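Work through the exercises below with the sequence and the 3D view side by side. Try each task before you read its solution.

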Amino acid sequence: MEELLGQVALRFSRLPMFPFFDLAHYAASVLSLKEQPGAVDVSYRSPIACWFSAMLYCFGGSILSSLMLAEPPVGFLANTTNVLLASSVWYLVFYCPRDLAYRCFCFLPIRLLLAGMKEVTRTWKITGGIAHAHQHYKNVWLIMIVVGWARGAGGGLISNFEQLVRGVWKPETNELLKMSYPVKISLIGAVLFTMQHISFLPVAKPNLMLYYTSFLVITKVIMMLTDNAFTPLAPFEKVLVGLLFGLHPPCPEACNSEAKVPYNGTSSDYDRTTAGETSDSVKRRHAKKTE
């Protein structure tokens, strides 16, 4: 049984991403772009801005990881075939008559298939980013984690810059302030594959790729079918946050009340000055009444 599982994992790890999985990744990314508020309006007002946003969605991981390693961020344009494929998907989704392409992609079985195949490419992007970082920094595990994370979730991490291209500025949507599920799971994957790469995790790489990708695909499909924002990471997050950073945030009312109470039970100079001025004014008024 273990031998059969190893063979399946090995064949799975050798799957080529081009063209079918890359096509699914581009389609799912452009669909996500079109469903952003105001994206359709931008596509008619400025097709170039819309196309650039689509390329950021499709190749955001490659752009961000290149910036981290001091490489040209436009390096993805050298792969002309993939750029043309992504551009073709963008054109069909946004400008196909009667939105036929968009409606076809939104058909639930096709949408689930695209989402599952996109998660497969996430695993390949993470492992590719880790291997690329290892070429520049041998066994520097922190850099490998960061670059692998950027390659796997770059589209989400640069979402604020992508929004600026469409004329939208929402700093509160920064992924570092409130991480989405793809960004979180990509970070976990980057940690796992980095540990495996430096031989700290005693698991064969093909097996880990199979386990991790299966988890990604199953959870993604379940979340889409149930239309539930709850993620399998939520219970673990609550426990870790409670243990490491406290169970509850400080109450603002308590902070305000503490700010009003003087330290060591003594009044401040301002309070003493105010009290003195008040007593002097009372004495003057009393003296005038006596006169």
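**Exercise 1: Salt bridges**

Task: Find how many salt bridges the structure holds, and describe the pair formed by K34 and D99.

Solution: The structure holds six salt bridges, where a salt bridge is a side-chain nitrogen of Lys or Arg within 4 Å of a carboxyl oxygen of Asp or Glu. In one of them, the side chains of K34 and D99 meet at 2.8 Å, taken from N to O. This pair links distant parts of the chain, since K34 is in helix α2 and D99 in the loop between α5 and α6, 65 residues apart. Here helices (H or I, at least four residues) and strands (E, at least two) are DSSP runs, numbered from the N terminus.

Before going on, note how the values arise. The model is predicted, and local features need pLDDT of at least 70, side-chain atom pairs count only at pLDDT 80 or more, while totals for chains, interfaces and linings use all residues. Residues are numbered from 1 along each chain as its sequence is written, and side-chain values use heavy atoms, with hydrogens and water left out.

The next step is to ask how far the two partners are shielded. A residue is called buried under 20% relative accessible area, exposed over 50%, and partly exposed in between (1.4 Å probe, protein chains only). K34 has 9% relative accessibility and therefore counts as buried, whereas D99, with a relative accessible area of 28%, is partly exposed.

**Exercise 2: Two further pairs**

Task: Locate the partners of the salt bridge between E35 and R111, and then those of the one between K184 and E237.

Solution: The side chains of E35 and R111 meet at 3.1 Å, N to O. E35 is in the loop between α2 and α3 and R111 in helix α7, so that this pair links distant parts of the chain, 76 residues apart. E35 is partly exposed, with a relative accessible area of 40%.

In the other pair, the closest N and O atoms of K184 and E237 are 2.9 Å apart. Because K184 lies in helix α10 (residues 181–197) and E237 in helix α12 (residues 234–245), the pair ties together parts that are 53 residues apart in sequence. Both partners are partly exposed, K184 at 23% and E237 at 28%.

**Exercise 3: Helix α2**

Task: Compare the span of α2 with its expected span, and state what its buried residues pack against.

Solution: The expected span of a helix is 1.5 Å times one less than its number of residues. For the 15 residues of α2 (residues 20–34) this gives 21 Å, and the end C-alpha atoms are 21 Å apart, which agrees. Next, 12 of the 15 residues are buried, so α2 is largely enclosed by the rest of the structure. Among these buried residues are F21, H25, Y26, L31 and K34, the last of which was met above in the salt bridge with D99. The buried residues of α2 pack against α3 (39–45), α4 (47–68), α5 (80–95), α6 (100–106), α7 (108–136) and α9 (159–165), where a contact means heavy atoms within 4.5 Å.

**Exercise 4: Helix α10 and the second largest pocket**

Task: Describe α10, and find what it gives to the lining of the second largest pocket.

Solution: α10 has 17 residues and reaches 24 Å from its first C-alpha to its last, close to the 24 Å expected. Its buried residues, including Y181, V183, I185 and F193, pack against α7, α8 (141–157) and α11.

On a 1 Å grid over the protein atoms alone, a pocket is an open set of points with protein on both sides within 12 Å along at least five of seven lines, whereas a cavity is a set where a 1.4 Å probe fits but cannot get out; lining residues have an atom within 4 Å of a point. About 390 Å³ of space lies in the second largest pocket. Of the 13 residues that line this pocket, the closest to its centre are I188, L233, F236, E237 and L240. α10 gives the most to the lining, with five residues.

**Exercise 5: The whole chain**

Task: State how many helices and strands the protein chain has, and what share of its residues counts as buried.

Solution: There are 14 helices and zero strands in the protein chain, and 36% of its 291 residues count as buried.

Methods. Grid points are joined across faces, edges and corners, and a volume is the space filled by probe spheres set on the points.
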